[in-house]
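Trainee: Could we go through this structure together, so that I learn how its descriptions are justified?
Mentor: Gladly; please ask about the reasons behind each word.

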Amino acid sequence: MKQFTVIVIAAFYIIGLFACNQTNSKATSYRASIKRDDGLPIVFNIQEKIKGDSIQWIITNAGEQLLVEEIEVKGDSLLVNLPFFEASLRLLKTNKGYSGAWDKKTSIGEQTVPITIEEGEERLILAGSKPIQDISGRWSVVFTKANGKQTNAIAEFKLKGDSLTGTFLTPTGDYRFLEGLAKGDSLVLSTFDGTHAYFFSGKISADG
């Protein structure tokens with residue numbers, strides 16, 4: 001099996017995602033960015049549809065779609081209750097979109113992380129030209145924690161041009177729908193399902 005090493009700069013384990021079908025109504029595209037303490041963003045995409053006084057969101061990751069309908073609007077404020085999870089977004093409207101906080105309950109209390117949402121279809125940004133090789137396929141992966149503990153996994157990647165999608169398979173499940181880019185000798189991937197968020201970066205060597 002091919003070998004691949006990733007640097008994991010991640011948040012929370014993904015346990016599920018709700019699929020839905022979009023309607024034919026016109027949607028506004030947004031690029032959402034969760035601001036981590038280390039400065040690395042966890043980025044995902046949103047399509048917003050306004051129906052009368054109500055707002056509907058579709059969060060997208062690699063073609064998978066999460067429908068969000070419980071959105072309360074009060075003046076220039078939005079409270080977005082994310083489905084299935086004890087998590088929400090508290091937002092204020094800005095001239096570019098929204099700004100606020102992502103709140104979620106954890107085993108050690110409530111976590112609050114800043115988030116900005118601005119119009120645009122772009123996801124992750126990565127400098128460089130085409131990837132040095134096609135990394136589509138299955139790869140042997142080693143995750144290394146800060147304390148040195150290692151965990152084996154399998155990556156499944158699909159590369160089309162410089163657009164990269166895939167997942168990581170572990171003995172306890174998978175990381176669901178990851179989406180990002182591969183350019184030159186680098187790759188980046190991210191996902192967000194409402195309560196779990198991940199960012200991955202990796203280097204591609206000449207032999208894999």
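The conversation below sets values against cut-offs, for a model that is predicted.

Trainee: Why is aspartate 103 called buried?
Mentor: Buried means under 20% relative accessible area, and aspartate 103 has 7% relative accessibility, so the residue counts as buried.

Trainee: What makes arginine 90 partly exposed?
Mentor: Partly exposed lies between the limits of 20% and 50%, and because arginine 90 has a relative accessible area of 43%, that is the word that applies.

Trainee: How do you know that arginine 90 and aspartate 103 meet in a salt bridge?
Mentor: A salt bridge needs a side-chain nitrogen of Lys or Arg within 4 Å of a carboxyl oxygen of Asp or Glu, and for the side chains of arginine 90 and aspartate 103 the N to O value is 2.4 Å. The pair links distant parts of the chain, with arginine 90 in strand β8 and aspartate 103 in strand β9, 13 residues apart.

Trainee: Why does the pair of lysine 105 and glutamate 86 count as a salt bridge?
Mentor: The limit is 4 Å, and the closest N and O atoms of lysine 105 and glutamate 86 are 3.9 Å apart, within that limit. Lysine 105 lies in strand β9 and glutamate 86 in the loop between β7 and β8, so the pair ties together parts that are 19 residues apart in sequence.

Trainee: Why is glutamate 86 called exposed, and why is lysine 105 called partly exposed?
Mentor: Exposed means over 50%; glutamate 86, at 57% relative accessibility, therefore counts as exposed, whereas lysine 105, at 49% relative accessibility, counts as partly exposed.

Trainee: What makes glutamate 156 and arginine 138 a salt bridge?
Mentor: Their closest N and O atoms are 2.5 Å apart, which is again within 4 Å. Glutamate 156 lies in strand β12 and arginine 138 in strand β11, so this pair ties together parts that are 18 residues apart in sequence.

Trainee: How many salt bridges does the structure hold?
Mentor: The structure holds eight salt bridges.

Trainee: Why is one side of β5 and of β6 left without a neighbour in the sheet?
Mentor: The open sheet of nine strands runs in the order β5-β4-β3-β2-β10-β9-β8-β7-β6; β5 and β6 stand at the edges, each with a single partner strand, so one side of each has no neighbour there.

Trainee: How do you know that β2 and β3 pair?
Mentor: Pairing requires at least two bridges, and strand β2 and β3 have eight bridges, in the antiparallel sense. Within this arrangement, alanine 32 stands opposite phenylalanine 44 in β3.

Terms used: Residues numbered from 1 in each chain as written. Predicted model: local features only at pLDDT ≥ 70, side-chain atom pairs only at ≥ 80, totals over all residues. Heavy atoms only, no water. Helix = DSSP H or I, 4+ residues; strand = E, 2+ residues; numbered from the N terminus. Buried < 20%, exposed > 50% of the residue type's maximum accessible area, 1.4 Å probe, protein only.
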